[in-house]
Each structure stands twice: as structure tokens, then as C-alpha cells.
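Let's take a friendly walk through a protein model. Have the sequence and the 3D view ready, and follow along at your own pace.

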Amino acid sequence: MIYFDHNATTPIDDRVLDAMLPFLKTFYGNPSSLYRHGRIAGSAIDAAREQLSALLGVQPGQIIFTSGGTEANNLALATLAPQAGLAVSAIEHPSVLEPAQYLKNLEHELTLLDVDTNGLITQDTIDEVIRLKPGLVSIMLANNETGAIQNVVHYTDQLRTHDIRVHTDAVQALGKIPVDFNRLGAHLMSLSSHKIYGPKGCGALVFEKSVEINPVLLGGGQEHGLRAGTENVAAIVGFGKAAELAKTELAERHGYLLKLRKLLEQGLSTIPGLTIFAENAERLPNTVQMGIHGIDGEMLLMQLDQKGIAVSSGSACASGQREPSPVLVAMGIDPSEAKSAIRISLGKTNTEAEIFEFIKQLKSLSVKG
Ligand code: PLP
């Protein structure tokens, strides 16, 4: 199989699995237990927290391990939004948009922030946010569909001077571009392990010390009392190892992925009627969202699947009807054009040969239509 869907999830790195296995088999103690077996598990969590904090440039005490990016996003919104309404970009992941909608139903003011045709927040939008002065602004660092990277540093600078708190969903950015929490200037940041060759079901919320976290899960003292529940020790250990590897290999991975993406885009440019969405935005080195005029994205996905190639389509199924990607619609792409979208997201084990094979197959399918 040619796997081109690394933004959906990544295969676990062998070195990560090796680090995890002892905590599934041998050191199964509860990290809260006081005897040695428990203390070993507790120390492993401390070590993972150090590894992740080194990747982000924060203190270990600024990290809350969660069950994934979804929980981290929910926790971020629950923490900051209730204060004075919230403003979230229209292209956020559903794990930000849906809790935002939930809070709106509880009578909190919700503003959806527009993006331009490249999927980027504009200065006009930020000016409007400053005028509205919500309790929280949530702007993702990199979009999961288009890969477009927002200038979060620039906006947090301005929002901070107006006492507006910022959350950024850095789930897709982590491990692909540098993610320095202090430099980004956000108050809260969400992360996920399974996008960086770690295990699924593990993530983190990073917080600035000035922020008082409003826990969502209650009933235990774990994670500084901010996230109750016995820790998923093996997964946290795996996330820590994946973070350590991401730190040491970031430059190499970035360079390699960008080389592959350029090769891919060269090939795509030879296919008639093909559009790359958010083409002019700075994008993640591994992500290309594209559509071929007149060809349905989901159909193309199924045809590629028959050729042994895994990609994702941009559309979501809502009440039995296939809806175009809300991200592309928010970018002003015509809904019929948006339905042609497929997303190719590359990973560190993909090869040039796979890119050539993909282009060959895509060419033949696009001719057949
Ligand atoms: N945020 C973004 C941008 C994502 O792409 C994803 C997953 O696709 C999530 C959050 C959710 O992360 P998790 O799968 O760890 O819950």
C-alpha cells in the first residue's frame, strides 16, 4: 500500500513501540501507587513530560497529558471561553468548532472568524476581534486539510496587548514545523501523539502558568489535579519518545518532506484541470489538498484505493448527504469545486518512487474521469 494520509494518523515508529512495550508488560503499576512498581510508572510519565517539554521549550509543569487532541481542545475552550464569549476561526477542526457551538448554546457569544482564499486569517479579522474583545480566540497553527500555516505569532502579539487570551491547535504542526510555545505567544496549545508517529489516544494541553485551568474530568488528583483519571502510561511514554525523535529529526524530516512535496506538485502541475487549494499560503511540508475539475473527490479516493493508494477526501458526510469540506467553503471555494477535493499528506517513510506511482495512477484515472 502507498500510504498518503499522515494527517489522519501516522504509523507508530518502531523506536516508540520499543519504549512503550515494557509499560504494557512489565511495569504495569498504577503511577499513583507508592510502592516501587508504581513509582517506576510515575517516573516514566515524568520522563515523557520532560521529553515533550524539551520539544516545545516549556517547563514540564506546563503540560497536561490528555486522551488526544480532541480532549485538549475541549479543555482549552472550557478553560477560557466562559469568561467573555469566544471567537474561533471558521476552519478549525470539529473538536474546536463543536465545543464552541456547545458553549454558544449555553448563551456564550460565539464569533466565527473568516479566512481568505488561501485559508488565512487576515489583519481585518484580527482588528474586528480586538474590537469585540472575546474571552478566548482560537486559531489553529496549521490546517489539517490544506496544511496552511497561520501567522499565530503576529496575531498573539496584538491580541495580548488587548488582554485577549489565545488558544492554538498545533496538532498538525507538531513534528512538521518548529513549535516553540513561548515564541508562538499563545496561552494554551493542543497537541496529539498519533500525528507524530506516537500511539493513538494520547495528547496534551500546554498552558501558560498565568492561566487557571478549568478541569473537564473530575475525580482524581492526576495531572496536577487538572485532568482526573489513571494515566495511559504506555501511551504517554510513547508520546514522549515520539516527541524526542521529532526534536532530533525535525530538520531532516522537514527537508525530506518538502523535497517530496515539490516532486509531487511538479507532477500534479502536468494534469489538466487540477487545482491545489491554498496554493499560495505557506503550508506544511507534507500536505497538498487538490481537486481535478469535474471529478468527484470521493470517487477518486475509492479508485485510488483500488490501486492500493490511501488518500483522504475533503468532504464530510452529514445526514446521509455528502457535504463539501467546510474548510474549503470557508475559503470561498465553490461547493461543487470543493467536492472534487482529495488530500495527500506525506510521511517520513514515503519515497520518490511512491510519488511517481501516484502521479502515474492519478493521470490515468483523471483521463478516464
Ligand atoms: N486538531 C486537528 C487539527 C486535527 O487534525 C485532529 C485530528 O485529526 C485533532 C485536533 C484531534 O486529535 P485526536 O485525533 O488526537 O483527538
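What follows goes from domains to a sheet and its helices, and then to some aromatic rings.

Keep in mind that this is a predicted model. The domain assignment divides the protein into domain 1 (2-9 + 250-368) and domain 2 (14-246). Notice that domain 1 is written as two stretches of the chain, 2-9 and 250-368. The centres of the two domains, taken over C-alpha atoms, are 27 Å apart. Where the domains meet, 27 residues of domain 1 touch 29 residues of domain 2.

**A sheet with two edges**

Now look for an open sheet of four strands, which has the order β9-β10-β15-β12 and antiparallel pairing. β9 (274-276) and β12 (312-313) each have a single partner strand, so they stand at the edges, with one side lacking a neighbour in the sheet. Strands in a sheet are held in pairs by hydrogen bonds of the backbone. Strand β10 (residues 287-292) and strand β15 (residues 341-345) run antiparallel and are joined by five bridges. To find one of these places in the view, start at Gln289, whose bridge partner in β15 is Arg343.

Two helices pack on this sheet. Helix α9 (residues 233-268) touches β9, β10 and β15, and its direction makes about 10° with that of β10. Helix α10 (residues 297-306) touches β10, β12 and β15, with about 45° between its direction and that of β15.

**Rings that meet**

How many aromatic pairs does the structure hold? There are three, and two of them are set out here.

| Pair | Centre to centre | Angle between planes | Arrangement |
|---|---|---|---|
| Phe4 and Phe358 | 5.4 Å | 75° | edge-to-face |
| Phe65 and Phe239 | 6.2 Å | 65° | edge-to-face |

Phe4 lies in the loop between β1 (2-3) and α1 (14-25), while Phe358 belongs to helix α13 (residues 352-368), so their pair ties together parts 354 residues apart in sequence. Both Phe4 and Phe358 are buried.

In the other pair of the table, Phe65 lies in strand β2 (residues 63-66) and Phe239 in helix α9, so parts that are 174 residues apart in sequence are tied together. Are these rings buried or exposed? Phe65 has a relative accessible area of 3% and is buried. Phe239 is buried too, with a relative accessible area of 0%.

One last ring is worth a look: the charged end of Lys348 sits over the ring of Tyr197, 4.6 Å from the ring centre.

How values were computed. Residues are numbered from 1 along each chain as its sequence is written. This is a predicted model: local features need pLDDT of at least 70, side-chain atom pairs count only at pLDDT 80 or more; totals for chains, interfaces and linings use all residues. Side-chain values use heavy atoms; hydrogens and water are left out. Two strands pair if DSSP finds at least two bridges between them. Contact means heavy atoms within 4.5 Å. Axes are lines fitted to C-alpha atoms, for helices over the stretch in contact, and angles run from 0 to 180 degrees between N-to-C directions. Rings of Phe, Tyr and Trp (its six-membered ring) pair if their centres lie within 6.5 Å; planes under 30 degrees apart count as stacked, over 60 as edge-to-face and the rest as tilted. Buried means under 20% relative accessible area, exposed over 50%, partly exposed in between (1.4 Å probe, protein chains only). A charge sits over a ring if NZ of Lys or CZ of Arg is within 6 Å of the ring centre and within 35 degrees of the ring normal. Domain bounds come from an automatic or database domain assignment.
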